[in-house]
Amino acid sequence: MDEQKRVEVAEPRFEHGHFLLIAGLGDRFTQETAHKIPALWEKFLPHLGKIPGQKGEVTYGVCCNFDGKGGFDYIAGVEITKLDELPQDVYRWIEVLPRQYAVFEHQGSLEHLPQTLQYIYKTWLPKSHYVELNAPELERYSADFNPTLKTGKLEICVPVETRD
């Protein structure tokens, strides 16, 4: 609980996302194995700029296919324009449909990302008048994001709708 109080997260802005086709490297994780996600990013980084149909330089972490028991798929990827030339034996892909997102900006080191996520899901969301949708959650890293220098922007996009 103390960790939640120490994390400073600004109120989110809300945006209606557009259709995204994201491709990259992915794996299945649980809350206990989520600490291995940075290794997936390390494996993915050499692919940047070489993924067929890559659109722009913004990278995405996509959490999806939640099983209700703490398991989820995670894809470290980029937006692509089409699937035609994507090697299916190398890359995983997902379609992200347009929906409303609460967008939070993560400040500081990636080491503190778990605390930011905990604040969003355990503190902000229960107190808000929104509910999370069973849809992909996005981490959006700006084109100039540098995890070593801690520069650039990281946004967490949580799919939400207003509570009834």
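**Exercise 1. The ring cluster**

Determine which residues are linked into a cluster by ring pairs in this predicted model, and classify the pair formed by Phe14 and Tyr130.

*Solution.*
Step 1. Ring pairs join Phe14, Phe104, Trp124 and Tyr130 into a cluster. The structure as a whole holds 10 aromatic pairs.

Step 2. For Phe14 and Tyr130, the ring centres are 4.7 Å apart and the planes stand at 25 degrees. Planes under 30 degrees apart count as stacked, so this pair is stacked.

Step 3. Phe14 belongs to strand β1 (residues 13–16) and Tyr130 to strand β7 (residues 130–132); the pair therefore ties together parts that are 116 residues apart in sequence.

Step 4. Phe14 has a relative accessible area of 35% and is partly exposed. Tyr130, at 11% relative accessibility, counts as buried.

**Exercise 2. An aromatic pair within helix α2**

Classify the pair formed by Trp41 and Phe44, and establish whether each residue is buried or exposed.

*Solution.*
Step 1. The ring centres of Trp41 and Phe44 lie 5.8 Å apart, with the planes at 80 degrees. Plane angles over 60 degrees count as edge-to-face, so that is the class of this pair.

Step 2. Both Trp41 and Phe44 lie in helix α2, three residues apart, which is about one turn of the helix. An α-helix has 3.6 residues a turn, so residues three or four places apart point the same way.

Step 3. The cut-off for buried is under 20% relative accessible area. Trp41, at 13%, counts as buried, and Phe44, at 0%, is buried as well.

**Exercise 3. The two faces of α2**

Identify the buried residues of helix α2 (residues 37–44), the exposed residues on the face turned away from them, and what covers the buried side.

*Solution.*
Step 1. The buried residues of α2 are Ile37, Leu40, Trp41 and Phe44. Viewed down the helix axis, they fall within an arc of 100 degrees, so they line one face of α2.

Step 2. On the face turned away from the buried side, α2 carries the exposed residues Pro38, Ala39, Glu42 and Lys43.

Step 3. The cover over the buried residues of α2 includes β2 (20–29), β3 (54–64), β4 (72–80) and β8 (137–141).

**Exercise 4. Confidence of the model**

State the average pLDDT of the protein chain, and find which element has the lowest mean pLDDT and which the highest.

*Solution.*
Step 1. The protein chain averages a pLDDT of 90, and 93% of the residues score at least 70.

Step 2. Among its elements, helix α1 (residues 2–6) has the lowest mean pLDDT, 47, and β2 the highest, 98.

Step 3. Across residues 1–5 the pLDDT is below 50, and this stretch has five contacts in the model beyond near neighbours in sequence.

Methods:
Residues numbered from 1 in each chain as written. Predicted model: local features only at pLDDT ≥ 70, side-chain atom pairs only at ≥ 80, totals over all residues. Heavy atoms only, no water. Buried < 20%, exposed > 50% of the residue type's maximum accessible area, 1.4 Å probe, protein only. Helix = DSSP H or I, 4+ residues; strand = E, 2+ residues; numbered from the N terminus. Arc of directions from axis to C-beta. Contact = heavy atoms within 4.5 Å. Phe/Tyr/Trp six-rings, centres within 6.5 Å; stacked < 30°, edge-to-face > 60°. pLDDT = per-residue confidence, 0-100.
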